[in-house]
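Q: Please show me this model and take me through one part of it in detail, with the cut-offs spelled out as they come up.

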Amino acid sequence: MESQPTAKALHNRINTDISQLLQRFENIMATATVDNPSYTSTAVETYQLDVESTALIRAAEDLLGLTRTMKETWLFGKLDTLGESARDVERREKLDQDAQAVQKAIEGGLLMPSVEK
């Protein structure tokens, strides 16, 4: 299996993909606003629009691939995007304390485990 991407690599890829999308869209808009009635310039503009739209689609597909990679990395536990908040830590510690108290009560005979017949 290939190595997992680092957070820095993911951020760089996001920035690159977004800048590519914006640049391609700007190029399409610039080409579409040129007003020249000759057949040659129209053919060149048509070709430029085709190239830029293909590149725009490729940049969008690359972003979709990036989101898939991020989802896979997150699902398999290699991408820690949220971390653990102070509230989560406090809640987990309280649950651990409660579980230990119940265990001590059962071991001390204060609570009898239920036995089903």
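In the protein chain, what percentage of the contacts with a separation of 6 or more is accounted for by residues 24 or more positions apart? After that, please look closely at helix H2 (residues 39-75).

A: This is a predicted model, in which local features need pLDDT of at least 70 and side-chain atom pairs count only at pLDDT 80 or more, while totals for chains, interfaces and linings use all residues. Residues are numbered from 1 along each chain as its sequence is written, and side-chain values use heavy atoms, with hydrogens and water left out.

The answer to your opening question is 68%: that is the part of the contacts in the protein chain with a separation of 6 or more that comes from residues 24 or more positions apart, where a contact means heavy atoms within 4.5 Å.

As for the setting of H2, the protein chain has three helices and zero strands, running α-α-α from the N terminus on; here helices (H or I, at least four residues) and strands (E, at least two) are DSSP runs, numbered from the N terminus. Confidence in each residue is given by the predictor as pLDDT, from 0 to 100, and its mean over the protein chain is 81, with 83% of the residues reaching 70 or more. Among the elements, H2 has the highest mean pLDDT, 89, and H3 the lowest, 83. Where pLDDT is low, the predicted coordinates should not be read in detail.

The length of H2 can be checked against the expected span of a helix, which is 1.5 Å times one less than its number of residues. For the 37 residues of H2 this gives 54 Å, and the end C-alpha atoms of H2 are indeed 54 Å apart. The partner helix H1 (7-32) has 26 residues and reaches 38 Å from its first C-alpha to its last, close to the expected 38 Å.

Burial shows how the two helices meet, with buried meaning under 20% relative accessible area, exposed over 50%, and partly exposed in between (1.4 Å probe, protein chains only). In H2 the buried residues are Ser41, Glu45, Glu52, Ala55, Ala59, Asp62, Leu66 and Thr73, and they pack against H1. An α-helix has 3.6 residues a turn, so residues three or four places apart point the same way. Seen from the other side, Leu10, Asp17, Ile28 and Thr31 are the buried residues of H1, and these pack against H2. In the protein chain as a whole, 12% of the 117 residues count as buried.

Two of the buried residues of H2 also carry charged contacts to H1. Side chains of opposite charge can pair when their charged atoms come close. With a salt bridge taken as a side-chain nitrogen of Lys or Arg within 4 Å of a carboxyl oxygen of Asp or Glu, the count comes to four. One of them joins the side chains of Asp62 and Arg13, at 3.2 Å from N to O; this pair links distant parts of the chain, with Asp62 in helix H2 and Arg13 in helix H1, 49 residues apart. Arg13 is partly exposed because its relative accessible area is 29%. Another is formed by Arg24 and Glu52, whose closest N and O atoms are also 3.2 Å apart, and it too links distant parts of the chain, with Arg24 in helix H1 and Glu52 in helix H2, 28 residues apart. Glu52 counts as buried because its relative accessibility is 13%, whereas Arg24, with a relative accessible area of 23%, is partly exposed.

The two ends of H2 deserve a word as well. Thr42 lies in H2 and is partly exposed, at 36% relative accessibility; leaving aside residues up to four places away in sequence, Thr42 touches Asn36 and Pro37. Further along, Trp74, Leu75 and Phe76 make a nonpolar surface patch of about 410 Å². Phe76 sits in the loop between H2 and helix H3 (86-107) and counts as exposed because its relative accessible area is 62%.

Key
Patches are made of residues with over 30% relative accessible area and no salt bridge: like charges are joined within 9 Å, nonpolar side chains (Val, Leu, Ile, Met, Phe, Trp, Tyr) within 5 Å. Accessible areas come from the Shrake-Rupley method with a 1.4 Å probe; for residues, only the protein chains shown count as cover.
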